[in-house]
Structure formats: structure tokens, C-alpha cells
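Dear colleague,

I am handing over the structure we spoke of, and I would be glad if you could look through it alongside the notes below.

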Amino acid sequence: MTHIQTAGPDEVKVNRRSLAARIWKERSAYVFLLPGLLIFSVFTLAALLFAFYLTFHRWSIIEPDKPFVGLTNYHDMVHDERFAESVLNTIYFGGASVPISMAIGLLLALLLNLPLRLRSVFRTAFYLPVVTPFVVSAILWKWLYNGDHGLFNYYLLKGHFIDHPLLWLSDKNLAMPAVILMSVWAGVGFSMVVYLAGLQSIPEELYESARLDGAGALRRLRYITIPMLRPTTLFLLVMGIISSLQVFTQIFVMTSGGPVNKTTTMVYYMYLWAFKYYDMGYASTLAFALFAMLLVFTGIQLRLARRGSEV
């Protein structure tokens, strides 16, 4: 039998003294860390704990009575059909916008990684929507989608592609695709820049060896470029899904969740309960449901990426 030795009282005291001594020795570092720790504790940790506390109350911001309701908010959320619809709308948005943005971003990065004239100008032009305020972009695209005098309908009618103006943001079948198109335009530049950084980190010797072995452009892309970009792709996939699950601005500006809730996403539905129905308890419950979804999706992606790297 093996005997496990436990630290005695004297050893524990020595360890505590040495820890305190190390903290005191590095006290200047803790002084510099203190403002950030205080800000994190007050505005993140305390807010998170208070939001969790709200989930067990019917917490109206306009009524003095805020009764404890236990798990009622969670029960209502599970049986809330509008919440289920908002989850499906969010998955639809992310499932379409994320892969399209990544695919177009990779294509642009491959093209703009070539020695082309005015390459820096094109890179700037494609990245410009990323740094444009999202509200400004949403208002611009709302005008482009206008059914009466929008540019999209004007050119489609002029080219005889359609017979009558399309109600892009009022048609239940067109509203979400219209929002997705705008979001892809606004986010593709980020994917392009990240993929460009990944492409420039690939050793040129790999391509030279492949050329000497007679590999064409497609084979080099398949067996060198795409495998070497796997960490970059994982990063963009994780960031894209996290961003798509939190989509709000373009929904708020362009569609207000309509028509007939076809573009109501999880964050917009949470906003309605918080600032239209004034029920912070149920809104906090929806927020924790969103947090759980983010945690699950990120964990699955990291696990799949770890398995892929082991193969």
C-alpha cells in the first residue's frame, strides 16, 4: 500500500507565508492590475451575478413589486413558441451568413495575395465596410432595398429581371435573405484580412516543392493552402458563429423583427422583453439561454478542431 503524505500545520503556515511574501514582493504589479480587476468585478462579474439573480424574479422596471417566481421564467422560456422561432431564425442567419462570408473572404484573399496592380487599393476597398459603423451600413442598405425608389429594384426592373418592384424587407420570404446579404457585405472584409494573414504565414518553400513535383494550382490549393489555413478557418468559424448568434443592429434598423417575426433573432427578442415589455427577469433568462448556446457551439467546434489536428 502507498501512503499519501499530507502537509502538516507547520508546512501549511510556511506555504501561506511564502505566498504572502511573493504577493508582497510583486505588489507593484498588483497595483497596476487593480483598476482592471475592479472594472471587471463591477461591470462584468457583479452584473453577471445580478442578471442570474433576476432570472428567478418577475422583475419589471416600471413596477415596485418584484416577486420571486423560482424557475417560472425558465419554464416559460422552454414553452415559448416565439422564443423557439427566434432560435430558428438565428440559426438560419448564422448558417447562411458565416459560411458565405468565409468562402468569399477566402476567394478574395487568394486573389489579393497575388502580385496584382493596385492590390492595396482593392484590399482597402473590401475592408472598408468592416470599419464603417454598422448603423450607417444598415441605413444605407435599407435605402437600397426600398420598394419604391431603391437602387436594387431600379436596376432589376431596368434589366427586365423582374416585372414589379420587390418588397425586400416586407416580404416574409425575402426579409431574412436581404439581411443576410447585407451582413455578408459588411463582414466579408474581416474574413479576407484574416485569411490574407494566414496565407502570408505559409512557407513559400512548400509551394516551390509542389511546383517542382508538377502540382498544379488546384492541387496546391487542396493539399497545401487549405490544410495550412485550418487554424485560421477555425478562428473565423468560432468568431463568426459567436457574432451571428448575437446579431441585433441590422435587425433593429432594417426590419424591427418583421415581417411576422421572420427576422426576430434571439438578441432582438431579448431586447423586446427588456425594453418593450419591461420584464428584466425573463430577458435575463433569455440571455443565459443565449450564453448556453454560445458555450455549446464553441465547445463543439474546439472539440472537432482538436480531433482534426490529431488525425
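What follows is a short account of one acidic residue, one cavity and one helix.

Please keep in mind that this is a predicted model.

I begin with Asp80, which sits in the loop between α3 (72-78) and α4 (81-112). Asp80 is buried and yet has no salt bridge, the nearest side chain of opposite charge being that of Arg82, 6.0 Å away. Because a salt bridge is counted only within 4 Å, that separation from Arg82 does not qualify. What the side chain of Asp80 does have is a polar contact of 2.7 Å with the side chain of Tyr282. If neighbours within four places in sequence are left aside, Asp80 is in contact with Tyr269, Trp273 and Tyr282.

Arg82 and Tyr269 come up again in the cavity search, which gave 1 cavity of 30 Å³ or more, with a volume of about 30 Å³ for the largest. The residues that line the largest cavity are Arg82, Glu85, Ser86, Asn89, Asn261, Thr264 and Tyr269, and the largest share of that lining, 4 residues, is contributed by α4.

The last item is helix α13, which spans residues 266-275 and is mostly covered, with 7 of its 10 residues buried. The buried residues of α13 are Met266, Val267, Tyr268, Tyr269, Met270, Leu272 and Ala274; among them, Tyr269 is also a contact of Asp80 and part of the lining of the largest cavity.

With best regards

Key. Residues are numbered from 1 along each chain as its sequence is written. This is a predicted model: local features need pLDDT of at least 70, side-chain atom pairs count only at pLDDT 80 or more; totals for chains, interfaces and linings use all residues. Side-chain values use heavy atoms; hydrogens and water are left out. Helices (H or I, at least four residues) and strands (E, at least two) are DSSP runs, numbered from the N terminus. Buried means under 20% relative accessible area, exposed over 50%, partly exposed in between (1.4 Å probe, protein chains only). Lys and Arg count as positive and Asp and Glu as negative; His and the chain ends are not counted. A polar contact is a pair of N or O atoms within 3.5 Å; within protein, one must be able to donate a hydrogen and the other to accept it, and residues adjacent in sequence count only if both atoms are side-chain atoms. Contact means heavy atoms within 4.5 Å. On a 1 Å grid over the protein atoms alone, a cavity is a set of points where a 1.4 Å probe fits but cannot get out, and a pocket is an open set with protein on both sides within 12 Å along at least five of seven lines; lining residues have an atom within 4 Å of a point. Grid points are joined across faces, edges and corners, and a volume is the space filled by probe spheres set on the points.
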